[in-house]
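User: Could you take a close look at one part of this model for me? I'd like a single connected walk-through rather than a list.

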Amino acid sequence: MPLQYKIDVLAALKEKGFSTYRLRKEKILGERVIQQLREHEPVSWEVLGRLCSLLDCDVGDLITNVQEP
């Protein structure tokens, strides 16, 4: 089941005041997770939950299922 991000998660976090520097410094997200988001790679359900809390949204607002032909 291929999943795809609907939004640029790091840009949305930045709009909410969470720069990548702050995310790392305050240990909100690790460097590997930030890199995964930059490269549009999947992250764990735990991380998705944390992102939803930070962005005040649901998982469906972040990712979508892409149907393969």
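Analyst: One term up front: a contact here means heavy atoms within 4.5 Å. Keep in mind, too, that this is a predicted model. The part to zoom in on is the stretch from helix H3 through the loop to helix H4, with Pro 42 sitting in that loop.

Let's start with Pro 42 itself. Leaving aside neighbours within four places in sequence, Pro 42 is in contact with Tyr 5 and Gln 36. Is Pro 42 buried or exposed? Its relative accessible area is 65%, and the cut-off for exposed is over 50%, so Pro 42 counts as exposed. For a sense of distance, take Ile 28: Pro 42 and Ile 28 are 14 residues apart in sequence, and their C-alpha atoms are 17 Å apart in space.

Now follow the contact back to Gln 36, which belongs to helix H3. With a relative accessible area of 16%, against a cut-off of under 20% for buried, Gln 36 counts as buried. So this contact pairs an exposed proline with a buried glutamine. With neighbours within four places in sequence again left aside, Gln 36 is in contact with Glu 41 and Val 43 as well as Pro 42.

Gln 36 has company in H3. The helix runs over residues 31-38, and its buried residues are Val 33, Ile 34, Gln 36 and Leu 37. Seen down the axis of H3, these fall within an arc of 160 degrees, so they line one face of the helix. What does that buried set pack against? The partners are strand S1 (3-5), helix H1 (9-15), helix H2 (20-25) and helix H4 (45-55). Just after H3 comes His 40, which has a positive phi of about 55 degrees.

On the other side of the loop is H4, and there the buried residues are Val 47, Leu 48, Leu 51, Cys 52, Leu 54 and Leu 55. Viewed down the axis of H4, they fall within an arc of 165 degrees, so they too line one face of their helix. Turned away from that buried side is a face carrying the exposed residues Trp 45, Glu 46 and Ser 53. As for packing, the buried residues of H4 go against H1, H2 and H3, plus helix H5 (59-62) and strand S2 (63-65). There's a positive phi after this helix as well: Asp 56, which follows H4, has one near 55 degrees.

Zooming out, here's how the part fits into the whole. The chain has 5 helices and 2 strands, arranged along the sequence as β-α-α-α-α-α-β. Of its 69 residues, 32% count as buried. Among contacts with a separation of 6 or more, 55% join residues 24 or more positions apart. On overall dimensions, a compact globule of 69 residues would have a radius of gyration near 11 Å, and the chain's 12 Å agrees with that. The C-alpha trace spans about 40 × 20 × 20 Å along its principal axes. About 4,800 Å² of the chain is exposed, with carbon and sulfur atoms supplying 50% of that area. Last, the charges: there are 10 positive and 11 negative, and their mean positions lie 8 Å apart.

Terms used
Residues numbered from 1 in each chain as written. Predicted model: local features only at pLDDT ≥ 70, side-chain atom pairs only at ≥ 80, totals over all residues. Heavy atoms only, no water. Helix = DSSP H or I, 4+ residues; strand = E, 2+ residues; numbered from the N terminus. Rg over C-alpha atoms; globule rule 2.2 N^0.38 Å. Buried < 20%, exposed > 50% of the residue type's maximum accessible area, 1.4 Å probe, protein only. Areas by Shrake-Rupley, 256 points an atom, 1.4 Å probe, with all protein chains shown as cover. Lys, Arg positive; Asp, Glu negative; His and termini not counted. Charge placed at Lys NZ, Arg CZ, Asp CG, Glu CD. Arc of directions from axis to C-beta.
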